[in-house]
Amino acid sequence: MQFQSGLEFAQRMDREDPLASFRGQFSIPRTSDGAEEIYLCGNSLGLQPKLAREYVAQELDKWAELGVKGHFDCEHPWMPYHEFLTEAAASLVGANTDEVVMMNSLTVNLHLMMVTFFRPTETRFKIVIEDHAFPSDYYAVESQLRHHGIDPEEGLVLLKPREGEELLRQEDIETLLAAQGDSIALMLLPGVQYYTGQVLDFERVTRAAQALGIVVGFDLAHAVGNIPLQLHDWNVDFACWCTYKYLNSGPGSVAGCFVHRRHAENTGLNRFAGWWGHDKQTRFKMENRFTPIPTAEGWQLSNPPILSLAAIRASYDVFMQAGGMAPLRQKSEKLTGYLRFLLDTEVSEFIRVITPEDPQQRGCQLSLCCDAKHLSGRELFERLEAAGITSDWREPNVIRIAPVPLYNSFEDVFRFVQILKSACNE
Ligand SMILES: *Cc1c(COP(=O)(O)O)cnc(C)c1O
């Protein structure tokens with residue numbers, strides 16, 4: 001794709017964009033003077049689909065009008081409500097419907113998955129994560145090690161970029177695995193690294209680890225709704241994700257979980273149990289013998305928060321109306337490619353992009369380091385904010401910019417770079 005500078009080009013791209021009308025389905029936040037913000041923060045909190053209000057209101061009405069009967073004979077009864085989400089959830093991560101379930105929150109699901117999939121022995125007891133893992137993942141892993149009586153000093157293996165580099169190299173991961181493989185029980189990797197925006201080769205890294213007897217899980221917080229995923233075919237053991245980032249389901253909304261079919265069917269696996277994971281036919285017999293559902297649903301604990309699931313259902317409906325991940329990704333590659341082009345042509349003397357240039361190795365987010373002598377990254381971020389741009393700042397020196405194909409336009413990207421440029425020159 002040949003990009004051009006100038007506003008006309010951005011406007012032409014928007015006119016020719018088959019997904020352009022989806023922006024109108026979202027509420028775009030406004031600045032104090034009433035103008036629409038340039039919202040480039042969907043990696044942190046996705047915007048509200050207008051449909052969410054409608055679907056949540058339906059459930060509030062049902063509760064008001066039917067009380068407990070809302071669980072059964074009505075439209076979208078609460079009892080199987082999570083099942084209405086399964087098909088879209090599965091398609092977004094490249095799974096079969098028996099491999100996914102919406103439940104709990106992300107960190108909770110990571111713990112539940114580790115209860116099942118981190119079963120350390122005398123000799124195989126380590127967990128591999130990346131050095132710059134999201135703090136919650138780090139805490140979860142560290143506390144799981146301690147829970148099994150393993151000192152993280154011995155049990156936690158960190159993948160680090162090479163000295164002076166920011167990104168992980170695939171071959172370095174493989175070297176590390178080959179060196180310590182016998183002692184590693186589990187590897188937990190990000191789908192899209194939250195700080196750098198890097199995407200690893202899922203299939204290759206999964207195969208390399210599994211060949212050494214290592215279980216492989218992914219945290220897809222920044223990947224789901226952002227890049228195409230094929231969890232089943234990649235043979236990933238498990239994965240967890242939240243839905244409030246690219247899945248636009250509202251702050252703190254219910255999360256998703258994938259368990260590969262070969263495990264999901266295995267009702268003998270160790271797990272923490274609750275009644276919602278119990279066989280649906282006999283759940284209400286209240287006999288205290290736990291029979292797990294032989295799908296990912298067998299890891300559910302509680303009956304889920306319906307108001308949150310209603311917002312997710314609204315979001316999924318928007319994704320499905322847009323045609324799912326394939327057309328969204330097509331636009332995303334152009335939109336982020338255009339951002340990259342403008343950054344390289346307009347502000348390269350001040351801004352260094354640490355996210356890989358190859359679209360296969362990134363999602364929509366670009367991570368910008370400010371290298372200007374006269375201006376710190378934090379100051380630059382604040383100038384952007386004052387000019388009506390919502391992005392986000394991550395210590396020590398990154399501004400994350402995530403143009404989202406569902407609601408961001410090429411003009412958003414154009415205007416952002418113009419503002420960035422004048423902020424750098426100020
Ligand atoms: C956003 C994010 C989280 C947040 O965890 P919650 O349990 O949803 O609060 C965890 N890990 C990663 C990698 C994230 O990006």
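## A tour from the ligand outward

Select Asp137 to begin: one of its polar side-chain atoms sits 2.6 Å from a nitrogen atom of the ligand. Keep in mind throughout that you are looking at a predicted model.

**Stop 1: the ligand's polar partners.** Leave Asp137 on screen and add Thr107, where a polar side-chain atom lies 2.5 Å from an oxygen atom of the ligand. Now add Tyr244, which also places a polar side-chain atom 2.5 Å from a ligand oxygen atom. How much of the ligand's accessible area does the protein cover? On its own the ligand has 390 Å² of it, and the protein covers 83% of that.

**Stop 2: the whole shell.** Next, bring up everything that surrounds the ligand: Leu106, Thr107, Phe134, Asp137, Asp219, Ala221, His222, Tyr244 and Lys245. Try colouring this shell by residue character. You'll get four nonpolar residues, two polar ones and three charged ones.

**Stop 3: what the record marks.** Time for a fresh selection, this one taken from UniProt. An unreviewed entry there carries the annotation "binding site" for Leu106, Thr107, Phe134, Pro135, Ser136, Asp137, Asp219, His222, Tyr244, Trp275 and Asn303. These annotated residues span 198 residues of sequence, and they're spread out in space too, with C-alpha atoms up to 30.9 Å apart. Zoom out a little so you can take in the whole set.

**Stop 4: helix H5.** From that annotated set, pick Pro135 and look at helix H5, which runs over residues 135-147. Is Pro135 buried, partly exposed or exposed? It's partly exposed, as its relative accessible area is 35%.

Now click on Ser136, also in helix H5. With a relative accessible area of 21%, Ser136 counts as partly exposed, though only just, because the buried class is for values under 20%. Which residue does the side chain of Ser136 meet in a polar contact of 2.7 Å? Show the side chain of Thr107 and you have the partner. You've met Thr107 already, as it's the residue with a polar side-chain atom 2.5 Å from a ligand oxygen atom.

**Stop 5: Ser315.** For the last stop, go to helix H11, residues 306-321, and select Ser315. At a relative accessible area of 1%, Ser315 is buried, so switch off any surface you have showing. What does Ser315 touch, leaving aside residues up to four places away in sequence? Select Pro49, Leu247, Asn248 and Ser249, and you'll have its contacts on screen.

Note on methods. Residues are numbered from 1 along each chain as its sequence is written. This is a predicted model: local features need pLDDT of at least 70, side-chain atom pairs count only at pLDDT 80 or more; totals for chains, interfaces and linings use all residues. Side-chain values use heavy atoms; hydrogens and water are left out. Helices (H or I, at least four residues) and strands (E, at least two) are DSSP runs, numbered from the N terminus. Buried means under 20% relative accessible area, exposed over 50%, partly exposed in between (1.4 Å probe, protein chains only). Contact means heavy atoms within 4.5 Å. A residue is near a molecule or strand if one of its heavy atoms lies within 4 Å of it. A polar contact is a pair of N or O atoms within 3.5 Å; within protein, one must be able to donate a hydrogen and the other to accept it, and residues adjacent in sequence count only if both atoms are side-chain atoms. Accessible areas come from the Shrake-Rupley method with a 1.4 Å probe; for residues, only the protein chains shown count as cover. Ala, Val, Leu, Ile, Met, Phe, Trp, Tyr, Cys and Pro count as nonpolar, Asp, Glu, Lys and Arg as charged, and the others, Gly among them, as polar. UniProt positions are given in the numbering used here, feature names are shortened, and annotations may be inferred rather than shown by experiment.
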